[in-house]
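This report describes selected local features of one protein structure for a reader who has not met it before. The sequence and the structure are shown first, and the description follows.

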Amino acid sequence: MWSLNYHLPLIYGFHYSFSYFQIPPYVDFEPHVRNFYGTNVDLLDIIAKHYNFCYRLTMDPYNRFGSKLPNGTWTGIIGMLVEQKAAFSLSPIAVSLSRYQAIDFSGYADVDEHAVLYAYPQLEPDVAGFLRPFSFPSSILLVMWLWASFVLTCVYKSNLMSMLVAPVVNIPFTNFEQLVNQKKIPYKLPAASIFVEASHNSAPETLLGKLWRRSAGTAADPVEVFGAVMRNEYAFITFRIPILATMDKRFVEHKRCMLTVAPGTLLGVSQAWGFPKNSPWKAPIDKALRGLNEFGIINKLLKDTYAKSTLCVNPVKTERTMNRMRSLGLEDFLGVFALFGAGSLMAMVVFMAEVIVGRCHTTATSKKRMQKFDSKENDASNVVSNDGRSSF
């Protein structure tokens, strides 16, 4: 069993300020009750209890991790650590070379990858939905039978279950390659993030380079971002665990899936707590995080924050399992109407072809008969003429 009883002559019993960036499930804030919560808040409470110190949380005014400016200074919570305005960062910071040169990092607290957050797709009518209950050979036989019958009422009577429309859930993309090549849903990147840094510095022909050049810009405010994503204004690229935690939170609030995440991931990085250079906090926090990781406490806390999000990860499977009903519209019947119309049109074409061919055949037959009749009359007249000459 590990222990948090670490000798801290410069820390024990003092009151300290820690910086944070609002990013669920690590650190979140309820303004109406002024309550901080999240996995890292729970971890900090454990550490504070054993080290016997008090703390207050200081938020960056722009609520972002921070980026390096041309003059060499840093913004965001990284800037607060560089300027020693906070003892350390409670929000996990993705480790990169430029950040490592500016601040110290604890041992890894988590490893996460970037994913795409977008609005949960809704059930839509499927023109070919009436064929989905059948296998491919059965579909071919059904189509042939429909073309032969031409009677829509018979189709509904004999195939009522198959005609009660199988709705479709359209997934706009499943990975970053499809995201960057589609134009239906714009996407934004997290401002002052490691993803922006990596994509901006990537070659234009690479996937990261394309994601940077074709993006709709950056966004920083989580409340604004998640609201816009739920309204289907754009998709958003960020770390997968915060996405899952947000999906869980929205599911609890609305009692249904409002957001989902694409299964493809990109740019996995280690995340850690940040400290000012040569901070006395680094050694004890490293020991605490190492023990919490080894006993699975951090992993357990994180999984508890997105337990319900699994219902929204696979919209197709979820909708099929829930078997939710919806009112039918005209679009639901377009498929069978189109098939019936095509069969009727084909029957009409065949009928007209038969009529035309029949008339042509009748005309040709009449001409042949007339020619034969004329030929017989000419033969008869020739015979009479010859008989007259011989009598004379």
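In helix 10 (residues 222-230), the residues Pro222, Val225, Phe226, Gly227, Ala228 and Val229 are buried. Here buried means under 20% relative accessible area, exposed means over 50%, and partly exposed lies in between (1.4 Å probe, protein chains only). Helices (H or I, at least four residues) and strands (E, at least two) are DSSP runs, numbered from the N terminus. The model is predicted: local features need pLDDT of at least 70 and side-chain atom pairs count only at pLDDT 80 or more, while totals for chains, interfaces and linings use all residues. Residues are numbered from 1 along each chain as its sequence is written, and side-chain values use heavy atoms, with hydrogens and water left out.

The buried residues of helix 10 pack against strand 7 (110-119), strand 11 (218-219), strand 12 (235-239), helix 11 (240-254) and strand 13 (259-261). Contact in this sense means heavy atoms within 4.5 Å. At the start of helix 10, the backbone nitrogen of Val223 has a side-chain oxygen of Asp221 within 3.3 Å. After helix 10 comes Asn232, with a positive phi near 65°.

Positive phi values also occur at Leu267 and at Asn278. The table sets out these two residues.

| Residue | Phi | Location | Relative accessible area |
|---|---|---|---|
| Leu267 | near 55° | strand 14 (residues 266-272) | 24%, partly exposed |
| Asn278 | about 60° | loop between strand 15 (274-275) and helix 12 (282-294) | 73%, exposed |

Another backbone feature is found at Pro25, which is joined to Pro24 by a cis peptide bond with omega of about 5°. Pro25 belongs to the loop between strand 1 (15-20) and strand 2 (28-30). Its C-alpha atom is 9.6 Å from that of Lys303, although 278 residues separate the two along the chain. Lys303 is part of helix 13 (residues 297-305), and it counts as partly exposed because its relative accessibility is 46%.

Pro25 is also among the contacts of Thr39. Thr39 lies in helix 1 (residues 39-51) and is buried, with a relative accessible area of 3%. When neighbours within four places in sequence are left aside, Thr39 touches Pro25, Tyr26, Leu301, Leu302 and Thr305.

A charged residue is considered next. Arg99, in helix 3 (residues 97-102), is buried yet has no salt bridge. A salt bridge is a side-chain nitrogen of Lys or Arg within 4 Å of a carboxyl oxygen of Asp or Glu. The nearest side chain of opposite charge is that of Glu197, 4.7 Å away; Lys and Arg count as positive and Asp and Glu as negative, with His and the chain ends not counted. A polar atom of the Arg99 side chain does lie 2.9 Å from the backbone oxygen of Ala94. Beyond neighbours within four places in sequence, the contacts of Arg99 include Phe65, Trp74, Ile78, Phe105 and Ile194.

On the surface, Met348, Phe351, Met352 and Ile356 make a nonpolar patch of about 430 Å². Met348 sits in helix 16 (residues 334-391) and counts as exposed because its relative accessibility is 53%.

Terms used. Patch = residues over 30% accessible without salt bridge, like charges linked within 9 Å, V, L, I, M, F, W, Y side chains within 5 Å. Areas by Shrake-Rupley, 256 points an atom, 1.4 Å probe, with all protein chains shown as cover. Polar contact = N/O pair within 3.5 Å; in protein donor to acceptor, adjacent residues only side chain to side chain.
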